[in-house]
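This report addresses a metal site and the nonpolar packing of one protein model.

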Amino acid sequence: MRVWIVFLLCLAGHAMAAPVSDTVCVCVCVCVCVCVSFELAYASDLLTSDVPQEPEVGVNPVQVEIGEFDEAIEIVEEEEDVFAENPCLNHHCKKGKVCEVDESNTPMCVCQDASTCAAAEGDFEHVCGTDNKTFDTSCHFFATKCALEGTKKGHKLHLDYIGPCKHIETCLDSELSEFPLRMRDWLKNVLVTLYERDEDNNLLNEKQKLRVKKIFENEKRLQAGEHSLDLLAHDFEKNYNMYIFPVHWQFGQLDQHPVDGYLTHTEISPLRAPLIPMEHCTNRFFERCDADNDKYIALEEWANCFGIKEQDVDNDLIV
Ligand SMILES: [Ca+2]
Ligand SMILES: [Ca+2]
């Protein structure tokens with residue numbers, strides 16, 4: 001899980017960080033180093049059977065992250081005979097809870113004791129809560145939230161972003177209008193990167209691959225890198241069609257719990273949480289996406305947020 005957070009941050013760092021700040025530049029360099037070390041570590045894991053394997057990665061970093069932040073899902077699977085001796089082996093609890101059996105050997109989810117969470121291996125594992133307090137890891141955060149369940153404080157507490165709490169600058173109107181320019185380009189680059197790395201990993205399904213192939217093979221495509229806002233705006237105008245699918249794809253990746261054509265605050269968290277420390281307009285951008293202010297972002301609202309024209313919003317593109 002952790003490595004995919006880094007992967008996501010890497011891509012974000014490459015594509016979304018504005019090159020005007022020394023701090024951001026340092027951050028990008030660190031990200032690249034961590035990425036390289038992950039590549040090596042992962043390759044060595046594949047070759048060495050007695051080295052603990054990384055958790056199985058999912059379709060893409062964003063989808064994998066959904067499990068990390070989801071506060072609302074509790075999946076209880078049918079118990080199989082093979083697990084009969086320990087009902088907890090096949091009983092999954094939501095984040096912040098662990099399985100215990102009662103006197104009748106029935107599994108149940110109870111709040112995890114935060115002291116049983118593994119300590120963070122680095123700052124990148126810290127998370128910031130909406131109470132502006134830094135938690136050592138997301139495990140500590142969700143254990144704490146669980147302990148507050150049923151209280152007003154617990155109800156209001158959410159995971160705000162990845163990394164230690166820090167001062168997030170106010171997002172100015174002029175900056176807010178720049179955000180989708182970088183975000184769109186970043187989404188496109190994430191998809192192309194997944195396509196390039198795909199081979200037999202099935203990071204994308206066949207329908208998605210076909211869509212991304214067209215973008216990948218288009219010679220007019222703006223290559224990944226740091227581009228001025230003027231160039232990004234010009235490219236969006238010139239190569240508008242290339243941006244339609246990435247915007248739809250991201251919506252489909254996030255709309256998972258449940259798959260209903262609407263994004264909740266929790267569903268957006270996997271995308272939002274890693275971005276906030278780097279892009280101070282993130283929260284304001286997503287708040288504005290919910291144009292009718294009903295707490296849900298519909299596909300039409302999402303597409304509009306990214307400058308996709310109404311006539312190009314197409315449910316069939318969520319493949
Ligand atoms: Ca949904
Ligand atoms: Ca809405």
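The calcium site is treated before the nonpolar cores.

The model is predicted, so local features need pLDDT of at least 70 and side-chain atom pairs count only at pLDDT 80 or more, whereas totals for chains, interfaces and linings use all residues. Residues are numbered from 1 along each chain as its sequence is written, and side-chain values use heavy atoms, with hydrogens and water left out.

The protein donors (N, O and S atoms within 2.8 Å of the metal, or 3.2 Å for Na, K and Ca) of the calcium ion (ligand 1) lie 2.3 to 2.5 Å from it and come from D255, P258, D260, Y262 and E267, with E267 listed twice through OE. Along the sequence, the donor residues follow the spacing D-x2-P-x1-D-x1-Y-x4-E. The six donor atoms subtend angles of 52 to 163 degrees, and the arrangement is therefore irregular. Two of the donor residues are partly exposed, a class between buried (under 20% relative accessible area) and exposed (over 50%), with a 1.4 Å probe and protein chains only.

| Residue | Relative accessible area |
|---|---|
| D260 | 36% |
| Y262 | 39% |

A nonpolar core is a set of buried Ala, Val, Leu, Ile, Met, Phe, Trp, Tyr and Cys residues joined through side-chain atoms within 4.5 Å. The largest one has 42 residues, and W302 and F286 are among those with the most contacts inside it. Its largest share, 10 residues, comes from α6; helices are DSSP runs (H or I, at least four residues) numbered from the N terminus. Beyond its neighbours within four places in sequence, W302 is in contact (heavy atoms within 4.5 Å) with residues including V247, F251, L271 and F286. A second, separate core of nine residues includes F141, L148, L157 and L159.

Technical notes: Chains lettered and ligands numbered in written order. Helix = DSSP H or I, 4+ residues; strand = E, 2+ residues; numbered from the N terminus. Tetrahedral: all angles 85-135°; square planar, octahedral: opposite > 155°, others 65-115°.
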